[in-house]
Amino acid sequence: MNQLEEFKALGLSEDILTAISKKGFETPSAIQSLTIPHLLNTDKDIIAQAQTGTGKTAAFGLPIIQLLTSKKAIPQALVLVPTRELALQVTQELQSFNSNGLSIAPIYGGASIEEQLRRLKKGIDIVVGTPGRILDHIRRRTLDLSGISYLVLDEADEMLNMGFIEDIEDIMREMPSSKRVLLFSATMPERIASLAKNYMNEPDILKVESKNITADLTNQIYFEVREGDKFDALTRIIDVEPEFYGIVFSRTKVGVDDIVNRLIDRGYAAEGLHGDISQAQREKILGKFKKKHTNILIATDVAARGIDINNLTHVINYSLPQDSESYVHRIGRTGRAGNQGTAITFISPSEMRQFGFLKRNIKADIKLEKLPTPADVIAMKRNRIKEDLYAIIESENYSDCQSMAAELLESYPPEVALSALLRLAFKDELSENSYPEIRSINVDRKGKARIFIAVGHRDGYDPRKLVKLLKRECGLSDHNIDDIKVADEFSFATVPFEQANKVVKALNMLSNGRPIAEIAKDKSAESGNGKSRGKKSDTDRKPVRKARQNEEWFDFEKPARKKKSVTDTGKPGKRADKAKAKPKKATTKVSRREKKEKTKRK
Ligand code: AMP
């Protein structure tokens, strides 16, 4: 079967199909199957339930690229995203499908405004931007949104969490009412629903039905690794396992080929399966894998369908699958027919959020573990060599080498001869240096954790006051608080790792119903200057999930626990001006409770 048939059936053009084929996609993801035909065949606004990682960029990007003709004048489409990382990521992804020669550019806070002005002057067809910087350009009159036909609100709930909703409303007012609005959000808090009501035109709701699936049969673990370290993590796992026999899943054909080539280069017996492999070839590869002539199979989800092999030691999710169902299918290949296997998932920082949804959705107990260290791997290899040696000695199957051994022992002491022989046989395999360093992400689990706190100078904090707060509310002592950084709207502090969760919890109890603290993902993300431009800036702020209310709308996010209110204690809460400007959450809560009670009474 032509692998692109399913994409073609959605109405995509030949040019776009060529671009998809180059990317190595095999089948449309669920959100793509829903969104693409809708965008191509109707002119209605949409609200789509989609998390990051589910292929949502292509879901809106492919049809928009197909529908637009390059004018290189004022923008025809605007994609609003919460962070600069996402702005770059989305721009890159859109560029990779850009068969129409459109001009696509990111416009985000923190980057040179002059460079952006130059790009805008030259003409851009699709702008991918963060709300703060887009608004800056509107105010400077350097961005004309009067020609916008498509507005995409990507990760709308994250933009709400980061305080961008008013900016978005301001931006929306600058656009013609004829534009089509496409809103993508993993959850549907009340504020997003009202944004949709006020600024969208009877949107259709596209929602992927999540099936009730569980995956609790297999031993499931995950490792946090940067994308660039995944390959080295894979080799450590293969090497530490005495008899590794497993399938490694990649989302794309290109990914499969890449992993296979790198493994073969390093001397592993690996083969790849994906949609471009002929049936005859496929059978050959599977035959070898079944006989364990190759012990590592790299496959896409489609290619792995129908493989009936029971005794795998491992299933490795090198990249996360598109949805929970695929995850369950993948890992169901271990633990079959009573065999215990291990399912391992690699999670890069950008996959964390999708992974959170996945874990909740399948209700699986997936444990975070630490990768084997080079020393662990070497110890395992040495053991294996010794066991193999004992086996040969016991079988007395070495007579053909005995005369040579005697010769060597005439010239050298046994230890020297044996050491040289091991070196010859295993070269660098027994050296820890042959395993590149894998940097830890998120936090240094032995030592310190970096905490992001959504209060800053504007809330009256300076380093001294922040230390005071941490001591008073979190029970920390001076020597446990390090590296304080206070910016206009947020701060960072380093605390002992064992206390990090307690600190986050204590701070979040103070904050008038909205979490203000979380463990920061990566210290490199603090590089922004944090200077406010009067409005919420979108430089380097980390998303802080506000209390999620009414999120049952999309049924896989639990509503937040009720938090202690501290408005009148003088402790950090909403800033007074903001609190005035926005309807109070408490009011909403009361009215909802009232509604409930009314319904009960009826
Ligand atoms: P997104 O949800 O848009 O951030 O996409 C997550 C990742 O999935 C990106 O690396 C995409 O290139 C990839 N992707 C998107 N659609 C597909 C597909 N149909 N098959 C395989 N990979 C995909």
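1. Is Cys 474 buried or exposed? In this predicted model, Cys 474 is buried, because its relative accessible area is 4%, and the cut-off for that class is under 20%.

2. Cys 401 falls into another class: its relative accessibility is 46%, so it counts as partly exposed. That value sits in the band between the buried limit of 20% and the exposed limit of 50%.

3. On cysteine pairing, the structure holds 0 disulfides. A disulfide would be a covalent bond between the sulfur atoms of two cysteines.

4. Turning to the ligand, its surroundings comprise 17 residues. Thr 27, Gln 32, Gly 55, Thr 57 and Glu 93 are the closest of these. Sorted by class, the shell consists of 10 polar, 4 charged and 3 nonpolar residues.

5. Polar contacts to the ligand involve both side-chain and backbone atoms. The side chain of Gln 32 places an N or O atom 2.8 Å from a nitrogen atom of the ligand. From the backbone, an N or O atom of Thr 54 is 3.0 Å from a ligand oxygen atom, and a polar backbone atom of Lys 56 lies 3.3 Å from an oxygen atom of the ligand. The ligand on its own exposes 490 Å², of which the protein buries 84%.

6. Where does the ligand lie with respect to domain 1 and domain 2? The ligand lies between them, because residues of both domain 1 (2–207) and domain 2 (220–371) contribute to the shell around it.

Note on methods
Residues are numbered from 1 along each chain as its sequence is written. This is a predicted model: local features need pLDDT of at least 70, side-chain atom pairs count only at pLDDT 80 or more; totals for chains, interfaces and linings use all residues. Side-chain values use heavy atoms; hydrogens and water are left out. A residue is near a molecule or strand if one of its heavy atoms lies within 4 Å of it. A polar contact is a pair of N or O atoms within 3.5 Å; within protein, one must be able to donate a hydrogen and the other to accept it, and residues adjacent in sequence count only if both atoms are side-chain atoms. Accessible areas come from the Shrake-Rupley method with a 1.4 Å probe; for residues, only the protein chains shown count as cover. Ala, Val, Leu, Ile, Met, Phe, Trp, Tyr, Cys and Pro count as nonpolar, Asp, Glu, Lys and Arg as charged, and the others, Gly among them, as polar. Domain bounds come from an automatic or database domain assignment. A disulfide is a pair of cysteine sulfur atoms within 2.5 Å. Buried means under 20% relative accessible area, exposed over 50%, partly exposed in between (1.4 Å probe, protein chains only).
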